Every structure is written in C-alpha cells, then in structure tokens.
Amino acid sequence: MLKKTIAALFAACLMLTGAAAAGTIFPAQRTGVDGVTRYGYLDETGRAVLPYAYTQADEFASCGLAAVENDKWQTAVIDREGHLVVPYLDAPQSVEFSDDAVAYRYPDHSVYYTLTGEQTGSYAGAVGFFSDGLLLCQSPASGLYSYVRQDGTAAFAGEFAEAGVFSDGRALVRTAEGQYVALDAEGSVLYTLPSGVQPVYMTIYAGDTVVLSNGANQALYSLSTGEYLTEFLYKSISAFHEGVAMVQQVNRWGLMDTTGRLLTEPTYYYLSYMGGGLYAARSEDGSAAAVDADGNIAYRTSSYVGGFTELRYGLSWHGTEDGSLIFFKKNGGYFANLKNAENPTILSENVARVTQDGQLRYINLSTGQTLSAQPDSFDLGNGITAKTVHYEKFMGYQTDGTEHGWNVDFPEISGLPDETVQKSINDAIRAFFLKGPSVTAEYEALEGSYGASVDGSVLVVWANCISGKGAGASVWNNSLAFDLRTGTQYQIGDLFVSSYMSTVQRLLPDEHPIYLYSFPRMSTEGVTFFYNEYESDTRRAYTESYLLTFEQLDSVLEKDSDCYQALHTPYIRSATTVAGFSDVQATHWAAGYIQTVADKGLMQGADGLFRPDELITQAEVCATVARSLSLPAAETPMDGLPADAWYTAEVSAVAAAGLLDGLADSFQPDQPVARADAAQLFANLLVQRGAVLPDDETVETGIAAFTDAADIPADRRAAVVLCKQEGLFGGYADGSFQPMGSFTRAEFAKLLTLI
C-alpha cells in the first residue's frame with residue numbers, strides 16, 4: 001500500500017473508525033500530495049467509516065453492497081463494514097446488483113455471485129439477472145438469444161433474433177421466421193403479435209401490455225385480448241416506470257398508464273422521468289417543474305438553468321442564473337441553496353457532492369456544513385507550501401454531449417526565501433502543465449492533478465493526468481525536478497554517466513521494449529520508470545512503475561554531480577539556528593526534519609532547546625500524539641501515573657482514546673520508547689482507521705523477512721507486520737528490525753517527516 005504520513009494518521013485518527021454503523025454512507029474522494037486520488041466512505045456527519053484505500057469506489061446498492069477497485073485494476077465487492085464479499089478479481093466492464101445477486105460483466109460473459117459471495121455460475125452473453133428462474137443470454141458467436149437455467153443448461157429449445165427478460169412467467173421474442181411472439185417459461189407460444197408491427201421494447205408491462213410501432217407512430221397493445229389499447233396516435237411512448245409512460249402527441253407530452261388511459265393530457269413541451277414517480281416538465285411559459293403521474297406539481301421554478309435530471313434519495317436540483325444550486329424534495333418543495341456551486345451529485349437524503357468556488361466538497365444540505373473538502377494546498381515541510389491552481393480550457397462538446405477540454409490542477413510553490421528562485425520554479429511548473437504531454441495531445445481532453453515532494457534539496461513535481469477520452473486515452477505522469485536553493489532544473493541525465501541506459505535496460509523487466517518505459521522520476525531512493533498502458537474497450541489507462549534504487553544504479557551514477565548531491569542533502573533554511581532552537585544549528589544533519597516537525601507542531605522543545613540527541617521517551621511520544629490530535633482530556637488519570645506529572649493529562653488522553661492498547665501495562669513514561677512499542681502505537685492508529693491486523697500466516701511470513709525475527713516479542717509481531725505493510729516501519733540495511741532499539745529526538749523527527 002502507499003505510504004501515509006504520520007501527521008495525516010494523527011489528524012485523521014478521531015475521524016476514522018473500523019466498522020460502518022447502520023445508516024447512509026457514501027463514497028468520497030481525496031487527492032493527496034502524491035497526486036493519487038483515493039476513495040473512502042463517509043457518513044452524514046463527515047466521519048470516515050471506511051478508509052481512503054480504494055482507487056475507485058461506487059455507491060452502495062440497495063442490497064447493501066458496493067464495488068471497489070484497487071491500484072492493480074482489480075475489482076471487489078464489499079459490505080458496509082468494508083469486508084470483502086467478492087474478492088479482488090480481474091476488472092470487469094461493470095458490476096451490477098439485484099436484490100439477491102451480483103454480476104461481474106465481462107465482454108463475452110458474466111459471472112454471478114450470491115450476496116454472501118458464493119459464485120453461482122458463469123454464463124456467456126448474459127443479459128440482466130435471473131427472472132422466473134431463467135437467464136437471457138446472447139451468443140457471442142451467433143448473436144442469437146436463448147434462455148438458460150442456473151446450471152447453464154438450456155431452458156427450452158430455440159434461439160431468437162431478439163428477446164426480452166422473463167417477467168410474470170412470459171417474455172417477448174422474435175423467432176427465426178421474423179414473428180414476434182410471447183412465450184411462457186416452458187418455451188410454448190402464448191400469444192402472437194399482429195403482423196406489420198413490431199414491439200418498441202422487448203418488454204411486457206403489467207404482464208399484458210406491449211408498446212408497438214407501425215413504423216410511423218406507436219400504440220399500446222393487449223396480449224390477452226389481442227386488441228389495441230390505444231390507436232397509433234403517438235409519435236413516441238417511453239418505457240413504463242411504475243406503471244406510467246410518457247407519450248408524445250404531435251409536439252406535446254403527457255402521461256399514460258398500462259391500460260392506455262391518459263393520466264395527464266399531452267400539454268408539456270418536454271417531459272423526462274426523474275425517478276421516484278416524478279417527471280421533469282417544461283411548460284409553454286418556460287417554467288420547469290417536477291410533477292407526478294397525475295400532473296400534481298411537487299416543485300416549480302421560473303428561474304431554471306439545468307438540472308431536473310434525476311431524483312435521488314428523495315431529492316433533485318436545478319441551477320439558477322446567479323450560479324446557485326437549488327435542491328428540492330420529492331414531497332415538500334425547497335430544501336437547500338448552495339452559492340457558487342456546480343456539478344452536483346446527490347449522495348444521501350442530506351448530502352451532495354459539488355464543486356464550490358473551484359473546490360470539490362461534500363456538504364450536508366440540512367446544516368450547510370462542509371463534511372469533507374479536497375485540500376487546496378499541501379505542506380511540503382520546511383515552510384514550503386504547494387497551493388493548488390485550477391486550469392480549465394473548453395474545447396467543445398463530444399458526441400455524447402459532455403464537455404471536451406482540459407480540467408487540470410497544478411501547484412504554485414511558496415515559502416522559499418529567495419523570491420527570484422521561487423518565481424523561476426513556478427514559471428516552469430505553470431508552463432509545463434499548460435503545455436501538456438505533447439503538441440498533438442494539446443488537442444485532446446486532459447484531466448487530472450499533480451504530485452509534489454521534497455527529496456533532499458530537490459523539489460519534484462509530476463503530472464497525474466489522463467490525456468484523451470475512451471479507447472486510446474493514456475496516462476501523463478511526466479515530472480520536473482528543481483534545486484530549491486538555486487532554482488536549477490535537473491534532468492535525469494544529470495544523475496548518470498553517458499552510457500547509463502544499457503544498465504537501466506538490463507534492470508528493467510524485458511516484457512516491454514525499453515522505449516516504452518517513459519517519464520523517469522528521481523527521488524532520494526533512486527529513479528522510478530513508468531510503463532503506461534493505453535485505455536481499451538476492456539480496461540482504463542493504467543501505469544506500471546519500477547523503482548531502480550541508487551544501489552542498483554551505483555555503477556552508472558555521477559555521485560559528484562550537483563543533482564545527486566542535492567538529492568542527498570536535506571533542505572534547510574538559511575539561518576544559523578533552526579525553528580528557534582538554540583541547540584539545532586543549520587548544519588545539523590536533521591535540521592530540515594526538525595524544522596518540518598516544529599512548523600507542523602508535531603514536536604516541541606523546552607527553554608529554547610530541542611535536545612536533538614536525547615532519546616525520546618514514551619511520555620514525550622504520547623504528548624506529541626495528544627497535541628497533534630487535540631485529544632480531549634480524559635475523565636480520570638491513567639492508572640499508575642502521578643497526578644502532578646507534566647505528562648499525566650496528555651498520556652491519559654492518549655490512553656482514553658484507545659491508542660495505548662497493549663502498551664498500558666508496561667508503560668514507563670520516563671523510559672525511551674522502543675521500536676516494537678512504537679509499532680504497536682502506530683498499529684493502534686491504523687486499526688482505528690479501519691485496518692485489520694494480519695492473520696497468523698501473514699504475520700509469520702512478514703516477520704521472517706527480518707534477520708532478528710526471533711527478538712521481536714510475540715505480542716508485537718502483528719503490529720510490526722501491519723506497520724510494515726502500510727509502509728510505516730521497515731528494517732535496517734542489514735535486514736534487522738531492532739525491536740528494542742530507541743530513537744533520538746532528531747531520529748524521531750526524521751521518522752515523522754519520512755513516513
């Protein structure tokens with residue numbers, strides 16, 4: 001999994017819990033400073049009930065399940081507590097849910113599961129779900145339709161040029177002779193449709209009614225009586241929803257039931273089904289309204305700019321000329337108003353996702369509270385900030401009516417002491433993102449964000465965007481690197497001798513030609529090369545990354561180069577001391593790390609001293625956690641602590657929050673914190689976020705990677721492995737973990753900034 005910062009863990013700890021309680025939860029997205037967008041699930045208070053751990057996440061279906069994706073482009077189905085119901089599998093084209101089944105749709109077949117995750121069968125060309133015990137399937141080879149039972153055997157003989165799903169024991173088909181007939185579940189013909197007409201939909205409504213067309217107009221027909229329920233008066237009759245269809249006569253629209261009775265005369269200039277028994281209607285005077293099947297007005301407005309497209313969770317919306325969004329209820333009219341907002345998606349009875357003032361936000365419409373918002377800036381440490389700048393370029397509309405153009409975020413850097421250096425870096429970043437991936441790509445859609453990091457004294461900025469739409473779209477993840485002290489822009493070639501590519505080619509997998517590995521990105525660890533795969537009809541554009549460490553590249557490195565030296569020199573501000581601590585000189589090896597933790601308020605000194613070379617104690621670690629989380633005071637002090645000790649209140653607050661589980665009995669506030677105990681504390685944080693401790697088999701495998709595995713206490717092993725999985729703890733260069741080792745305050749400061 002991708003590494004997370006300790007600061008982010010601390011800040012999110014109280015917001016994130018393990019299991020989702022009953023009630024509405026919905027997917028929310030967040031793009032981190034690494035440029036990667038991840039999805040989690042929030043409730044209506046803004047509490048994250050499932051962590052931001054998914055590459056994609058869908059809303060929960062009425063059956064209580066949702067589809068999610070991981071970064072390997074695999075799809076799983078989860079329940080509301082985040083448990084895997086269907087494990088991660090090769091990504092299908094879509095995942096569909098019914099009241100009692102899940103279907104993974106692949107190009108030529110579908111795999112079905114029960115709601116408990118048991119696979120029930122795989123069927124070529126499956127359409128919809130089982131109904132009346134039968135499943136409609138279209139042969140990938142012939143294109144003809146047939147019906148099968150759950151065991152995959154044919155329900156009855158016959159293949160059909162067209163066919164509908166069974167309902168109420170009958171289905172419409174077109175025979176090989178071109179005749180439209182209604183069959184029963186045994187394949188016997190119940191009714192034959194009149195010649196010279198054809199059904200508009202291969203669906204029988206209310207068990208008897210069919211919509212027929214004579215080539216010019218449409219009418220309703222009764223199978224049981226063999227008579228027309230209406231004349232061919234209508235230019236269009238929509239599919240029925242809850243027993244009601246929209247009908248167009250001349251240039252006006254009305255509503256009709258399955259018997260052919262007009263519920264509302266064709267008087268509307270426009271009708272569209274919104275769901276929940278409501279219809280969007282536009283009248284001659286230009287007003288827009290939401291009406292029911294009998295023409296009763298649920299909501300009406302004369303100030304209409306878009307919207308009225310869908311009723312979700314009993315709510316819909318429309319825009320106004322002043323840039324506001326009005327939300328209204330199915331029953332009860334006006335509900336809420338959001339200023340300067342656009343692109344709404346209703347996620348629950350109270351929550352909508354919108355873009356407001358250029359920022360993606362999740363808003364509780366009842367209270368007006370912003371539950372979650374995409375950060376508009378990121379702290380890169382040492383007082384350096386990356387502020388997000390949004391850029392849009394409209395290029396027209398696509399054939400499906402969606403806008404075509406650029407929708408890109410890029411960073412603007414602040415906090416550098418040299419304004420000239422800062423301006424030159426920002427000018428180069430802006431030019432990079434506004435130019436795009438290539439000259440030809442300037443005419444393609446471009447959408448995405450950026451990533452940024454400070455590696456030593458080098459600022460690395462990269463694109464995380466998709467160029468183009470649909471098949472042929474590709475990932476754009478090119479990068480820039482700048483010396484924060486001079487503004488010098490480094491290229492990958494600045495790290496290597498001239499003949500380095502032969503070594504790189506030998507180290508990279510040979511499954512792809514070397515020229516397909518693009519956009520190398522430098523860091524303190526080495527150079528990452530990317531293989532970017534185009535989007536196809538069966539998968540999204542995706543990236544495979546390969547880190548070549550400096551150890552692997554040692555033979556071709558120019559270690560005396562300015563670029564290599566800058567990557568391995570922590571950036572510090574030009575001052576004789578750091579962050580006001582008289583005992584931390586600007587030349588101290590951890591000066592940059594101490595500046596960062598001091599700026600973030602993660603660590604404090606006393607009497608103007610940071611004490612960088614002293615071992616950090618268990619009490620000091622707890623104080624750091626308590627301050628970072630703004631933990632509320634505990635009702636009673638933790639057992640065994642002196643009432644008047646400086647650390648009692650903060651240690652007690654950490655214990656009350658459950659973060660000392662497994663540590664309290666052996667807690668010694670004045671003793672240095674051991675690495676194994678730190679792993680337990682961080683594991684407690686992760687579990688509160690929704691992580692699950694690894695099983696025994698995983699623990700044994702993970703622990704075995706350390707040369708001193710036998711020295712790791714049994715009650716700390718699961719925590720060590722979980723932290724290792726999450727990228728929070730690893731071993732030393734010699735392969736050891738050193739569970740009883742300690743941290744100096746300077747080392748702990750580095751740990752906080754690096755993980």
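## Leu-434, at the side of helix H2

Let's start with Leu-434, which counts as partly exposed because its relative accessibility is 27%, between the 20% and 50% cut-offs. Leu-434 belongs to helix H2, which covers residues 419–435. Keep in mind that everything here comes from a predicted model.

Who does Leu-434 touch? Leaving aside residues up to four places away in sequence, its contacts are Tyr-391, Trp-406 and Phe-410. Take Phe-410: it is 24 residues away from Leu-434 along the chain, and the two C-alpha atoms are 9.1 Å apart.

## The whole chain

Stepping back, the chain has 755 residues, and 49% of them are buried. Its secondary structure adds up to eleven helices and 50 strands. Measured out along the principal axes, the C-alpha atoms fill a box of roughly 95 × 65 × 60 Å.

Now for the contacts. Of those between residues at least 6 apart in sequence, 44% link residues at least 24 apart.

## Strand S37 and its two hairpins

Strand S37 takes in residues 359–364, and it's mostly covered: six of its six residues are buried. In a regular strand, side chains alternate between the two faces of the sheet. Here, Gln-359, Arg-361 and Ile-363 point one way from S37, while Leu-360, Tyr-362 and Asn-364 point the other way, and all are buried.

On one side of the story is strand S36 (residues 351–356), which pairs with S37 in the antiparallel sense over six bridges. Within that pairing, Arg-361 of S37 has Val-354 opposite. S36 and S37 make a hairpin with two residues between them, and Asp-357 in the turn has a positive phi of about 55°.

S37 also runs antiparallel to strand S38 (residues 370–373), joined by three bridges. One bridge pairs Ile-363 with Thr-370 in S38. The hairpin of S37 and S38 has five residues between the strands, and among them Gly-368 takes a positive phi near 80°.

## A four-stranded sheet and His-83

Another place to look is an open sheet of four strands, in the order S4-S5-S6-S7, with antiparallel pairing. Strands S4 (56–57) and S7 (84–90) stand at the edges with a single partner strand each, so one side of each has no neighbour in the sheet. S7 pairs with strand S6 (residues 74–78) in the antiparallel sense over four bridges; in one of the matches, Gln-74 has Asp-90 of S7 as its bridge partner.

His-83 sits in the loop between S6 and S7. Is His-83 buried or partly exposed? It counts as partly exposed, because its relative accessibility is 43%. Not counting residues up to four places away in sequence, His-83 touches Val-77 and Ile-78. Gly-323, by contrast, is 240 residues from His-83 in sequence and 41 Å from it in space, C-alpha to C-alpha.

## Where H8 crosses H10

Two packed helices are described by the angle between their axes and the distance between the axes. For helix H8 (residues 675–689) and helix H10 (residues 717–725), the axes come within 8 Å and cross at roughly 65°. That angle makes H8 roughly perpendicular to H10, and the crossing is left-handed.

Which residues meet at this crossing? From H8 come Ala-679, Gln-680, Phe-682, Ala-683, Leu-686 and Val-687, and from H10 come Ala-719, Val-720, Leu-722 and Cys-723. By type, the residues of this contact are nine nonpolar, one polar and no charged.

Note on methods. Residues numbered from 1 in each chain as written. Predicted model: local features only at pLDDT ≥ 70, side-chain atom pairs only at ≥ 80, totals over all residues. Heavy atoms only, no water. Axes fitted to C-alpha atoms, helices over the stretch in contact; angles between N-to-C directions. Parallel < 35°, antiparallel > 145°, perpendicular 65-115°, else oblique. Left-handed = near helix turned anticlockwise from the far one by under 90°. Contact = heavy atoms within 4.5 Å. Nonpolar A, V, L, I, M, F, W, Y, C, P; charged D, E, K, R; others polar. Pairing = 2+ DSSP bridges. Buried < 20%, exposed > 50% of the residue type's maximum accessible area, 1.4 Å probe, protein only.
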